[in-house]
Amino acid sequence: MANIVFYFSGTGNCLKAAKTIANELENTEIVCMAKSGSYSLTKEYDTIGFVCPTYFWGLPKKVIEFIGNLNFGNNNGAYYYAVITYGGSAGNAMNQIYDLILDKHNVKINFTKKLKMFSNYVLMYDMSKKIEKITNKSNKKLVPIINSIKNRTKNKANRLMKVFSFINKDFIKKVSDMDKDYTVNNNCNGCGICKELCPVKNIEMTNRPQFNHNCENCIACLQFCPQRAINYKNATQNRGRYTHPEISWKELSERNKI
Ligand SMILES: Cc1cc2nc3c(=O)[nH]c(=O)nc-3n(C[C@H](O)[C@H](O)[C@H](O)COP(=O)(O)O)c2cc1C
């Protein structure tokens with residue numbers, strides 16, 4: 001039978017994980033959760049998965065909206081799983097996705113797992129130099145997760161983390177306007193890669209990118225900019241940059257449209 005995996009990704013980690021899961025399960029559609037409006041499942045699936053990053057100990061705003069509006073169709077019998085990627089602590093993200101799907105759709109996720117990947121949040125800290133080492137580790141950690149999905153394993157998230165849900169709520173309130181503190185310097189050559197990449201179409205190009213305050217703060221624009229022209233306040237000018245080594249900006253932008 002068919003499978004589907006939904007992902008949201010700024011710097012490629014979640015797309016990489018979703019692609020690996022899809023390859024292993026076979027016959028799996030990969031669909032981006034950055035779409036606006038409501039997405040409907042029009043056929044029956046064997047497995048339905050969600051792969052998304054941790055943002056401030058919870059879920060990205062777009063993921064909350066997308067899942068809230070998702071029409072599961074005739075899929076009550078499917079096996080549901082979620083893989084939450086994170087860099088340091090996933091906090092309450094696993095509970096949040098479980099509760100969201102239960103509250104909005106009366107569906108219980110069967111299996112939720114966090115996956116440590118490269119920590120991309122350059123607004124707060126410099127990028128580690130150990131990209132290869134961390135990436136290899138994540139690849140290895142994904143293997144047992146995929147085996148669990150194949151074996152239809154069931155588990156429960158740690159409910160204690162729910163007390164930290166206020167951290168994500170505060171982020172969600174502010175996130176759309178965070179691009180007010182994004183700057184573009186004279187290195188910008190107007191290539192438009194940032195516009196192509198932005199999963200929520202928040203960027204318009206005149207000579208330079210303009211941000212329209214519907215930002216998810218996924219930092220794809222800032223991290224992928226080949227000229228390093230995009231920065232956040234005065235925080236990121238002297239920090240490194242990170243994008244998943246196996247995911248090009250072209251692939252991410254094309255996949256984000258599917
Ligand atoms: C806005 C934002 C907030 C983040 N918050 C957290 C966090 O609370 N905990 C954590 O471990 N990692 C956090 N991260 C790191 C990402 O969750 C992690 O690097 C993820 O794998 C990135 O996935 P992507 O490459 O598919 O975008 C954050 C990243 C961003 C962009």
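Let's start in the sheet: strand E3 (residues 47–53) and strand E4 (residues 79–86) run parallel and are paired over seven bridges. Here, two strands count as paired if DSSP finds at least two bridges between them. Helices (H or I, at least four residues) and strands (E, at least two) are DSSP runs, numbered from the N terminus.

This is a predicted model, in which local features need pLDDT of at least 70 and side-chain atom pairs count only at pLDDT 80 or more, while totals for chains, interfaces and linings use all residues. Residue numbers start from 1 along each chain as its sequence is written.

**The sheet**
- Within the E3 and E4 pairing, Gly49 has Tyr81 of E4 as its bridge partner.
- Five strands make up an open sheet with parallel pairing, and their order is E2-E1-E3-E4-E5.
- At the edges sit strand E2 (28–32) and strand E5 (111–116), each of which pairs on one side only.
- Neighbouring strands of this sheet are turned against each other by 20° on average, direction ignored; the axes are lines fitted to C-alpha atoms, and angles run from 0 to 180 degrees between N-to-C directions.

**From E1 to E2**
- Strand E1 (residues 3–7) runs parallel to E2, and five bridges join them.
- One pair to look up is Tyr7 with its bridge partner in E2, Cys32.
- Between these strands the chain passes through H1, giving a right-handed β-α-β crossover; right-handed means that, with the strands pointing away from the viewer, the path from the first strand over the helix to the second runs clockwise.

**Two domains**
- The domain assignment gives domain 1 (3–166) and domain 2 (175–256), with bounds that come from an automatic or database assignment.
- Taken over C-alpha atoms, the centres of domain 1 and domain 2 are 23 Å apart.
- Domain 1 brings 21 residues to the contact and domain 2 brings 24 residues, where contact means C-beta atoms, placed from the backbone, within 7 Å.
- On the side of domain 1 that touches domain 2, at least two residues each come from helix H1 (13–25), E2, helix H2 (61–69) and helix H4 (131–150).
- H1 gives the most to that side, with three residues.

**The whole chain**
- Overall, the chain has eight helices and nine strands.
- Its C-alpha atoms fill a box of roughly 55 × 40 × 35 Å along the principal axes.

Terms used: Contact = placed C-beta atoms within 7 Å.
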